[in-house]
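Subject: Structure for your review

Dear colleague,

Please find the structure below, together with the sequence. My notes on its salt bridges follow.

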Amino acid sequence: MANVQPLGDRVLLQPLEAEEKTKGGIIVPDSAKEKPQEGKVIAVGKGKVEDGKTVALEVKVGNRVLYGKYSGTEIRVDGEEMLIVKEEDILAIIKK
Amino acid sequence: MANVQPLGDRVLLQPLEAEEKTKGGIIVPDSAKEKPQEGKVIAVGKGKVEDGKTVALEVKVGNRVLYGKYSGTEIRVDGEEMLIVKEEDILAIIKK
Amino acid sequence: MANVQPLGDRVLLQPLEAEEKTKGGIIVPDSAKEKPQEGKVIAVGKGKVEDGKTVALEVKVGNRVLYGKYSGTEIRVDGEEMLIVKEEDILAIIKK
Amino acid sequence: MANVQPLGDRVLLQPLEAEEKTKGGIIVPDSAKEKPQEGKVIAVGKGKVEDGKTVALEVKVGNRVLYGKYSGTEIRVDGEEMLIVKEEDILAIIKK
Amino acid sequence: MANVQPLGDRVLLQPLEAEEKTKGGIIVPDSAKEKPQEGKVIAVGKGKVEDGKTVALEVKVGNRVLYGKYSGTEIRVDGEEMLIVKEEDILAIIKK
Amino acid sequence: MANVQPLGDRVLLQPLEAEEKTKGGIIVPDSAKEKPQEGKVIAVGKGKVEDGKTVALEVKVGNRVLYGKYSGTEIRVDGEEMLIVKEEDILAIIKK
Amino acid sequence: MANVQPLGDRVLLQPLEAEEKTKGGIIVPDSAKEKPQEGKVIAVGKGKVEDGKTVALEVKVGNRVLYGKYSGTEIRVDGEEMLIVKEEDILAIIKK
């Protein structure tokens, strides 16, 4: 598989299908003002550099996360649809 | 229950119904320019990273808070309507 | 009385009536471009966090203050109309 | 006289009349793009807090200053028209 | 070959052709909201200066990278089309 | 002469006439997108306060400088047209 | 020749003619979204002051550089057309 290493505070996500999401108990209401989506963290950047120190990301590879639907940039890696977002576009980690 | 861990300075809130609010003595007038709402803190992020140090949030799990009505992102967790907001969108803690 | 603890650099104010204001000698001219109002500080937040240190507010509970008329968020606490503003929206403390 | 203590980096000014200004030799041309006005400093705030330190204001009580005409908020103190401005809206101190 | 030394946090990129990209397994879907492109790093700046320290870039000469299609400034070096972008416009490094 | 002491990083300038400018060899082409003008520094502020330290201005009293034509605020001091600008609006010092 | 000393992080450039540029192998395509131009560094400012320290510029007098066509302010020095730009508007140094 092609290896995509996000830069800085970016994260590579694999969007999760609706079926998988309902199992997990997290549903986004149709009336939601800003619809978040669920995804899986495939790769993370090294973090943002602040005052010469690199601040590691809070999300880790394998985490399931909620992110803003209109965030990031879509790419296709080995036939799979993926998304590169900044960590600030990730709302929460879902633990099950 | 699905476990939602907010990222950074985000907070997971459960909005409180109007009946509960009137009991507590806090009423938002109909004429209010920007209507705040009351909610219960279900989970809090680790805080914002500033100059390499993580600044813990001021609100704690269990707090009842006032927040801007149009803040945040709605999600449904195990059938319950919830909201993920940034702590800066929370106006005050209500103690009774 | 319900206890409202403002967050961060926010302040809970009780607006003062016009009669009380004229006694104090501070009158806002009708022609004023941006009309300030007088209020009483009911509760203050712990302050803003900067570089990991909390900067306490300059206004104290009991102070009478001038604030921008269109600032903040209106709430009603135990039947009283109150306002939550950021300290930066407070122009001055009135001492009599 | 009512005592108005400006907050932070704000300054309480008493605008000076046109007659007084021409005596001092400072005239604002009619064609000026942004018309400054002359005023007297009545009270000053403690200064802005930066990195936990309070930076005292450069203007002092009694200074005559030039400030942007459309700056600040008008109030009336004991029948006198006054203005609360931020120090950054003051262009210069006039010494005579 | 003319030697182009990018300034600060800028990077000189050689855009890669579509054929090369499909071999690598990274495809940008036609429906993508913001289309990233693949390129090769030809030269990098010394980095951005923050608080008097130079922060070296994360990308290195020879890296294959994904960058926003509408980023940067096009130039032609010895007949080759090149692009100068800021590092923040680079989304990820592709390792194969 | 009235003494105008600019505040912070502001500078008091006396605009120079066109005749004087052509002698000095600096001409602003008619087609210039943003026309700079030449002036003489009459007084300078103490500088901007950053992190509690005052950063002195680079221009000195007596310098001839180029500044953006539409910068600053016009005032008249003892019948002379002057300009108060921020130092960042000054492009260069002219030495002859 | 009149001596123009740019202030802060500004640079005095002499634009280079098209003929000279093609010799060097750097050509800007007609279709370029934002057209950079080639110029020679005639004088540089002392640098930007950050946290009380002056950060020297990366470009030096004599460097040939690429800069954004619509950057800066045009002036004429002793009959020569020149340009004052901020260093951040310079994309790269050309070494031949």
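How many salt bridges are there over all chains? The count comes to 20 in this predicted model. Three of these pairs are described here.

In chain C, a salt bridge joins the side chains of Arg64(C) and Glu38(C), with an N to O distance of 3.2 Å. The pair links distant parts of the chain, as Arg64(C) belongs to strand S7 (residues 64-68) and Glu38(C) to strand S4 (residues 36-44), 26 residues apart. Arg64(C) is partly exposed at 23% relative accessibility, whereas Glu38(C) is buried at 1%. Glu38(C) counts as buried because its value of 1% falls under the 20% limit.

In chain G, Arg64(G) and Glu38(G) form a salt bridge whose closest N and O atoms are 3.2 Å apart. Here Arg64(G) is in strand S7 (residues 64-68) and Glu38(G) in strand S4 (residues 36-44), so the salt bridge ties together parts of chain G that are 26 residues apart in sequence. The relative accessibility of Arg64(G) is 24%, which makes this residue partly exposed; Glu38(G), at 0%, is buried.

In chain B, the side chains of Arg76(B) and Glu81(B) meet in a salt bridge at 3.9 Å, N to O. Is each partner in this pair buried, exposed or partly exposed? Arg76(B) is partly exposed, with a relative accessible area of 27%, and Glu81(B) is also partly exposed, at 45%.

With kind regards

Notes:
Residues are numbered from 1 along each chain as its sequence is written. Chains are lettered from A and ligands numbered from 1 in the order in which they are written. This is a predicted model: local features need pLDDT of at least 70, side-chain atom pairs count only at pLDDT 80 or more; totals for chains, interfaces and linings use all residues. Side-chain values use heavy atoms; hydrogens and water are left out. A salt bridge is a side-chain nitrogen of Lys or Arg within 4 Å of a carboxyl oxygen of Asp or Glu. Buried means under 20% relative accessible area, exposed over 50%, partly exposed in between (1.4 Å probe, protein chains only). Helices (H or I, at least four residues) and strands (E, at least two) are DSSP runs, numbered from the N terminus.
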